[in-house]
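Me: I'd like to learn how to read the contacts around a bound ligand. Could you take me through it step by step?

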Amino acid sequence: MRVSDMCGIIGYVGFRQAATTILKALKNLEYRGYDSVGIAVEEKGRIRIVKDKGRIADFEKTAGLEGISGTVGIGHTRWATHGVPNQVNAHPHSDCHGKTVIIHNGIIENFESLKEQLAKAGHRFKSDTDTEVIAHLIESQKEDDFESAFVAAARKIEGTYSIVAIRQGDGRIICSRKSSPLIIGIGKKEMFCASDMPAVLDYTNEFVILKDGEYAVLDATGHRICELQGGRQVKRRSMRIDWTRQMAQKDGFAHFMIKEIHQQQSAIRLATTSGEYGRAARLLDGAKMLRVVACGSSYHAGLVFKNVLERLTDRHVEVSYASEFMHLPNVGKGTVVIAISQSGETADTMAAVRLAKERGAKVLAVCNVVGSSLTREADLTLYLNAGPEIAVVATKSFTSQLALLYKLVFIVSKRQDLEQGIADLSSAIDAVLTKAGDMEKLAEKLCKSTDFFFIGRGLSHATALEGALKLKEITYLHAESYPAGELKHGPLSLLEGGVKVVAIAPGDETRTKIMGNIKECQARNAEVIVFSDDKDAARLGTEFALLPKVDPIFSPILFSIPLQLLAYYISVKKGCDPDKPRNLAKSVTVE
Ligand code: F6R
């Protein structure tokens, strides 16, 4: 059986008690993975591993970490993508003698052949993981020195990974990465490595990003980065990130998701107040062909971008799911690929970007995470500046992607007169957030329903797609979305009493037609919940949300917010955890 993971990883070396320091950092990374957790710390000359399946909060109660001394260690939260989450498969993993201990994120593609060779040479494996192979591979190297053995082993590994290792008696951490995030946090007389910056913001704001094909050696006094092939030392300046731990905490909200929903006004402002918009617009101007690649909510933002750009200019844009791009990579010199990704680490998006670049295309990234893989490989990046988004599902990153893309379109189309409309959304958003209680009441009425259809036309189809995605992700209810006019070509056969239809019906050019579609659904006894800024359209619904009037071109931003709130409150009422939906992770670093 093959086991590979999407995970949160931490390494610590310094003066603090490593076990509890690592646990605290892991809590900040739990959104990356949460079906098992483990820690390894060097204590009194031997490495002690404590790991279990389940959540960090349960692990903390039973693991007895306070009693573990030692100031160098590693920790891991796992989200299994193959194979069962259990104690044996949880990280860290060790070699035959418990001397080299490692944690890992990603997939080792040649692990089967490596495992076979190592087993023939007498290595004994305890788990099904590809990760354990790395520990044995390091053990099997003829080099005695930890660093040399690590490097020799890492050169034999194929696949995508970030690896963090410690060795008994060595006192250092050695880590490496290939297509999987790994940052180094620089403290005073202490060093960290982690899959994401928020993990260690309690301790430092100073970071160095490790690049693909590099490894780093950390001890309490500092770090050294080298190329894995060739071994040349790399000098890289550190950067200060002005995120605070508070920005990555709940600030009195019950969940990160609701906190992030409430941050959308400022996120939209920050996305549109700075950035290399002029350069980005010139890049698009010079392109023969424009393509968008993205996944999930970011893909929906791409659909809005296409609609608005094609309305305001004579340009055409092709929008693809990043995972589908390889099957139709119609790009070459002269193409500009706009890659939209909150995390900048989504494997499907990265694969599409690499393919596009191989074929001579230029890449404009729209991204939130500074220093992420996407921003390093793109020709130019427009940053969302939305701050950390901790809830697994996209909320503020989605609306700030929209705001950023609107602004870009307005520059390209020389319609800067429309830009003020983005800023003007603030009071409308405020009105929606102030009336969040209405969505909570609506959630109470809808939380026992099992089937939802989200419909919209034109721009509102993208909004409907996003609303359905949000609902299914965090409530586990069946929700799908169609362009409203498409219902009669098939899905209408599913409508009957008990089915809920959520209609996105702004008072724009789609108004009359969507009103017809609402009646069409009601004629099949479906209950229609109408989201509209038009009184007549709204009142067609059995339930409705009357939203403030804004320029209809911006309806995807405004209308998405009550849909986020609705999904959130249904999730809470159903007893789900909206921040940590089952089977999903924040950075999807496997294809
Ligand atoms: C939706 C959601 C996912 C992401 C998708 C892309 O709520 O969170 O669908 O939008 O995985 O992630 P990024 O934008 O990081 O590439």
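Reply: Happy to! A polar contact is a pair of N or O atoms within 3.5 Å. Keep in mind that this is a predicted model.

Me: Thanks! How far is an oxygen atom of the ligand from a polar backbone atom of Ser297?

Reply: That distance is 3.0 Å. A backbone N or O atom of Val392 also pairs with a ligand oxygen, at 3.4 Å. For a side-chain example, take Thr346: an N or O atom there lies 2.5 Å from an oxygen atom of the ligand.

Me: How much of the ligand's area does the protein bury?

Reply: The ligand taken alone exposes 410 Å², and the protein buries 90% of that. As for its site, the ligand sits in the largest pocket.

Me: Which residues come nearest to the ligand, and which helices supply at least two residues of the shell?

Reply: There are 14 residues around the ligand, and the nearest are Ser298, Ser341, Gln342, Ser343 and Thr346. Helix H9 (296-312) and helix H16 (459-475) each supply at least two shell residues.

Me: Now a single residue, please. Is Ala165 buried or exposed?

Reply: Buried means under 20% relative accessible area. Ala165 counts as buried because its relative accessibility is 0%. Ala165 belongs to strand E7 (residues 159-167).

Me: What is Ala165 in contact with, beyond its neighbours within four places in sequence?

Reply: Its partners there include Val101, Ile102, Phe146 and Ile174. You can also look at C-alpha separation: Ala165 and His93 are 72 residues apart along the chain, with 9.6 Å between their C-alpha atoms.

How values were computed: Residues are numbered from 1 along each chain as its sequence is written. This is a predicted model: local features need pLDDT of at least 70, side-chain atom pairs count only at pLDDT 80 or more; totals for chains, interfaces and linings use all residues. Side-chain values use heavy atoms; hydrogens and water are left out. Helices (H or I, at least four residues) and strands (E, at least two) are DSSP runs, numbered from the N terminus. Buried means under 20% relative accessible area, exposed over 50%, partly exposed in between (1.4 Å probe, protein chains only). Contact means heavy atoms within 4.5 Å. A residue is near a molecule or strand if one of its heavy atoms lies within 4 Å of it. A polar contact is a pair of N or O atoms within 3.5 Å; within protein, one must be able to donate a hydrogen and the other to accept it, and residues adjacent in sequence count only if both atoms are side-chain atoms. Accessible areas come from the Shrake-Rupley method with a 1.4 Å probe; for residues, only the protein chains shown count as cover. On a 1 Å grid over the protein atoms alone, a cavity is a set of points where a 1.4 Å probe fits but cannot get out, and a pocket is an open set with protein on both sides within 12 Å along at least five of seven lines; lining residues have an atom within 4 Å of a point. A molecule sits in a cavity or pocket if more than half of its atoms lie within 2 Å of its grid points.
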